[in-house]
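I opened this notebook to keep track of what I looked up, one topic per entry. The structure comes first, and my notes follow it.

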Amino acid sequence: MTDDVPKIELHLHLEGAAPPAFIKGLAQEKSIRLDGVFSENGSYAFTGFEQFLRTYEAATSVLKTPEDYARLTRAVLEQSAEQGVIYTEAFLSPDFCGGRDVGAWREYLAAMQEAAAGMRNEAGIVLRGVVTCIRHFGPEKARETALCAAETAGDFITGFGIAGDEMAGKPADFAYSFDMAREAGLELTAHAGEWGGASSVRDALRDLKPTRIGHGVQVIDDPVLVDHLIETGVTLEVCPGSNIALGVYPSWDKHPIETLRSAGVRVTVSTDDPPFFHTTLRREYDRLADTFGWDDEIVREVNRTAAQAAFCDPETRAELLLKLESTA
Ligand code: ADE
Ligand code: ZN
């Protein structure tokens, strides 16, 4: 079954992957009150996207030191390795890691990188970081974030992106930040077409020139744009369980991932913020198998697409592709 196929995850927010018990434990250790973050059954509490963002930021407020982020990195990578993930890219936010101060960011980064190296030895999972600005924090903070990214671009920080409220501002407001990241040699991705429709993807492609789009699923409403994605090979980081949990689509059978994939769009599968959406990468693939009949060959093809679109060096990419083929 799909469990035999090694998985490559390209769209995972580090804080969004924090198990609720981990955040609760840190809050207790630090005597921080987290009102409204958890429901009675212990899961994250929110309804709708705006409240999701507020809960996410409130939960993140307990992560205050590089050591907290080292512990978080270990917890998240353990969780991913259990899901059969061999390579993952995590969105990392200088906004939460030292308030966009480059010196502080370097300390957080060193802690995360060391934790990742440990997990690579223990579980064989590889992590790369995609520094991410947060759209609703505005373009000025995004420039500071891009500076953190540019100053630390290298073997571990390989990408730059934008997340947050897609309805805040427009992609052009962030073009300067994306230019700075591109000039530093970083690869680019942008959340778009989750909430802002196909036109938001068009704008992001034109103004930010990313090679990948986070979500992007709403392009389904614009056949000309779908053709453009096929021609240019832009890869979509699709997170179906997230879309359904947040109400972008009402149910799995209404999700456009299979229509996009079978049309020839380069789609990959990720979990976004798995504990928030009561999902895991295995669960995503199980639902895709149940709903659309995805078999091992399709799962392998989707993960091959992910390996090809990964923000990594050629040697790492070759290793990932080899692992995918050798388990076939
Ligand atoms: N940050 C964390 N998850 C997100 C999502 N699904 N969309 C935008 N920003 C996010
Ligand atoms: Zn996301």
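The entries below go through the metal site, the ligand and the cysteines.

**Entry 1, the metal site.** I note at the start that this is a predicted model. I looked up which protein atoms serve as donors to the zinc ion (ligand 2), and found NE2 of His11, NE2 of His13, NE2 of His191 and an OD atom of Asp272, at 2.1 to 2.2 Å from the ion. I then asked myself what angles the 4 donor atoms subtend around the zinc ion (ligand 2). The angles run from 85 to 171°, and this makes the arrangement irregular. For the verdict I checked the cut-off, since four donors count as tetrahedral only if all angles lie between 85 and 135 degrees.

**Entry 2, the donors along the chain.** I wrote down the spacing of the donor residues of the zinc ion (ligand 2) in sequence, which is H-x1-H-x177-H-x80-D. His13 belongs to strand β1 (residues 7–13) and His191 to strand β5 (residues 187–192), so this pair ties together parts that are 178 residues apart in sequence. I also checked whether these two histidines are buried or exposed. His13 is buried, with a relative accessible area of 9%, and His191 is buried as well, its relative accessible area being 8%.

**Entry 3, ligand 1.** I listed the residues that surround ligand 1, and they are His13, Phe49, Phe52, Tyr56, Ala163, Gly164, His191, Glu194, His215, Asp272 and Asp273. His13, His191 and Asp272 appear in this list, and they are also among the donors of the zinc ion (ligand 2). Next I looked at nitrogen atoms of ligand 1: one is 2.7 Å from an N or O atom in the side chain of Glu194, and for the side chain of Asp272 the corresponding distance is 2.7 Å. For the side chain of His13, I found a nitrogen atom of ligand 1 at 3.4 Å from an N or O atom. Taken alone, ligand 1 exposes 260 Å², and the protein buries 97% of that.

**Entry 4, the cysteines.** How many disulfides does the structure hold? I found 0 disulfides. Cys97 is in no disulfide, and the nearest cysteine sulfur, belonging to Cys148, is 9.5 Å away. Cys97 is buried, with a relative accessible area of 0%. Cys312 is likewise in no disulfide, and the nearest cysteine sulfur, that of Cys239, lies 18 Å away. Cys312 is buried, with a relative accessible area of 8%.

Technical notes:
Residues are numbered from 1 along each chain as its sequence is written. Chains are lettered from A and ligands numbered from 1 in the order in which they are written. This is a predicted model: local features need pLDDT of at least 70, side-chain atom pairs count only at pLDDT 80 or more; totals for chains, interfaces and linings use all residues. Side-chain values use heavy atoms; hydrogens and water are left out. Donors are N, O and S atoms within 2.8 Å of the metal (3.2 Å for Na, K and Ca); water is not among the atoms, so sites may look incomplete. Four donors count as tetrahedral if all angles lie between 85 and 135 degrees; four count as square planar and six as octahedral if opposite donors are over 155 degrees apart and all others between 65 and 115; anything else is irregular. Helices (H or I, at least four residues) and strands (E, at least two) are DSSP runs, numbered from the N terminus. Buried means under 20% relative accessible area, exposed over 50%, partly exposed in between (1.4 Å probe, protein chains only). A residue is near a molecule or strand if one of its heavy atoms lies within 4 Å of it. A polar contact is a pair of N or O atoms within 3.5 Å; within protein, one must be able to donate a hydrogen and the other to accept it, and residues adjacent in sequence count only if both atoms are side-chain atoms. Accessible areas come from the Shrake-Rupley method with a 1.4 Å probe; for residues, only the protein chains shown count as cover. A disulfide is a pair of cysteine sulfur atoms within 2.5 Å.
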